[in-house]
Amino acid sequence: MKLRSRVVEAEILDPGAGFRPARTVVEIRWDPLTGHSSRILPARGLMPPGEADLEALAEESRATCPFCPDRIESRTPKLTPAVAPEGRIRVGRAVLFPNLLPYGAHSSVSVYAPDLHLLRLGDMTPDLVADNLAAQVAWVRAVQATDPDARWASVSANHFVPSGSSLFHPHLQGLVDREPTTVQRVLSEVPAGRFAEYLDTERDLGARYVGRIGRVEWLAGFAPVGPAEIRAFVPGAASPAELDERDVRDLGRGIATVLNLYADLGYESFNLAACGVPDRPLDVRIVARSSLRPFYRSDVTSLERLHFEGAVDVSPEDLALRAGERFPTP
Ligand SMILES: [Zn+2]
């Protein structure tokens, strides 16, 4: 497979250099699966590290948090008996319940642990992620057993305010519906063989390939939709419901590894989406989001929001090098 890209040059007369000509190189890349394009910019410091006092923010929101130990039993909804007779799904320290504000026919929220109101990315562990993921997998299976036509399943994360999270307490979200999201629909239109071709190509090229844990393969996105995008594919599992126990542990380890790397890079907030698409490998994408600081700049501009165009100044190849040091050698 040929990965499509094009380098363009911009020229300005630079006010900081006596108005002499200055050139900037921008590489435009096309995602080999979705066709989504992205602009790779020279490092410009678009993602400065956080300055906010996360402990202080955690304390401010703790007293009224519905996911904390004092309130989770009385303030969060329960699942119907057909889905879970106990009303909630518990795996390890994780607790899953329905979303009070559903985004579709079946919508869930799962906390990593009721007592983890503050969970920094540097403190993520394979078990915390895997147990939370396992709760989502159990929920997707239970929901689909009651509603077999709801075949579009995904697990996502909005971690801390810049990512769109409305509650401070870290959690995952699940969505199972009869209608796909836009990305699920687009991925379903990609010929099934193209996923394996993409993985083969990146494994051969090596520059963005990060590693493999079990049957989960990890790489830096060629055409990232957001900063520091890391992608995983699970060949043989088309939906979160098809992840076996081993996959869940392997994915948990990989996701925790990526989030620990984000912490080292100075990032505190991220989005994740594991998009289930029938007959396609499960596609997991993780992107960093802007750090909390007074008057911070959102990493999502008119390009991302309205042009559906990525624009990042984190080099995918540099990111892959950093990530590769933490993943097992293939
Ligand atoms: Zn809380």
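This dialogue reads a sheet and two of the helices in a predicted model.

Trainee: In what order do the strands of the open sheet lie?

Mentor: It helps to write strands in the order in which they sit side by side, and here the open sheet of 10 strands reads E4-E5-E6-E8-E7-E12-E13-E11-E10-E9, with antiparallel pairing. At the edges are strand E4 (89-91) and strand E9 (209-213), each of which pairs on one side only. From one strand to the next, the twist averages 15°.

Trainee: Which helix packs on the sheet, and which strands does that helix touch?

Mentor: Helix H3, residues 126-146, packs there, touching E4, strand E5 (94-98), strand E6 (106-111), E7 and E8, and the direction of H3 makes about 20° with that of E8.

Trainee: If I now look at strand E7, how many bridges join E7 to strand E8?

Mentor: Strand E7 (residues 152-159) is joined to strand E8 (residues 171-177) by 6 bridges, and the two run antiparallel. You can follow the pairing residue by residue, for Trp 152 has Asp 177 of E8 as its bridge partner, while Ala 153 stands opposite Val 176 in E8.

Trainee: And which strand is joined to E7 through Ser 154?

Mentor: That is strand E12 (residues 269-275), which runs antiparallel to E7 and is joined to E7 by 6 bridges; the partner of Ser 154 in E12 is Cys 275.

Trainee: How many residues of E7 are buried?

Mentor: Of the 8 residues in E7, 7 are buried, and the strand is therefore described as mostly covered, a residue counting as buried if 20 or more other C-beta atoms lie within 10 Å of its own.

Trainee: Let us turn to helix H5, then: what is its span from the first C-alpha to the last?

Mentor: Helix H5 (residues 193-205) has 13 residues and reaches 19 Å, which is close to the 18 Å expected at 1.5 Å a residue.

Trainee: Which residues of H5 are buried, and why do they line one face of the helix?

Mentor: The general idea is that an α-helix has 3.6 residues a turn, so residues three or four places apart point the same way. In H5 the buried residues are Phe 195, Tyr 198 and Glu 202, and they line one face because, seen down the axis of H5, they fall within an arc of 65°. These buried residues pack against E9, strand E10 (216-220) and strand E11 (230-234).

Trainee: What does the face of H5 turned away from its buried side carry?

Mentor: That face carries the exposed residues Gly 193, Asp 200 and Asp 204. Just after H5, you will also find Gly 206, which takes a positive phi of about 85°.

Conventions: Residues numbered from 1 in each chain as written. Predicted model: local features only at pLDDT ≥ 70, side-chain atom pairs only at ≥ 80, totals over all residues. Pairing = 2+ DSSP bridges. Helix = DSSP H or I, 4+ residues; strand = E, 2+ residues; numbered from the N terminus. Axes fitted to C-alpha atoms, helices over the stretch in contact; angles between N-to-C directions. Contact = placed C-beta atoms within 7 Å. Buried ≥ 20, exposed ≤ 12 C-beta atoms within 10 Å, placed from the backbone. Expected span 1.5 Å × (residues − 1). Arc of directions from axis to C-beta.
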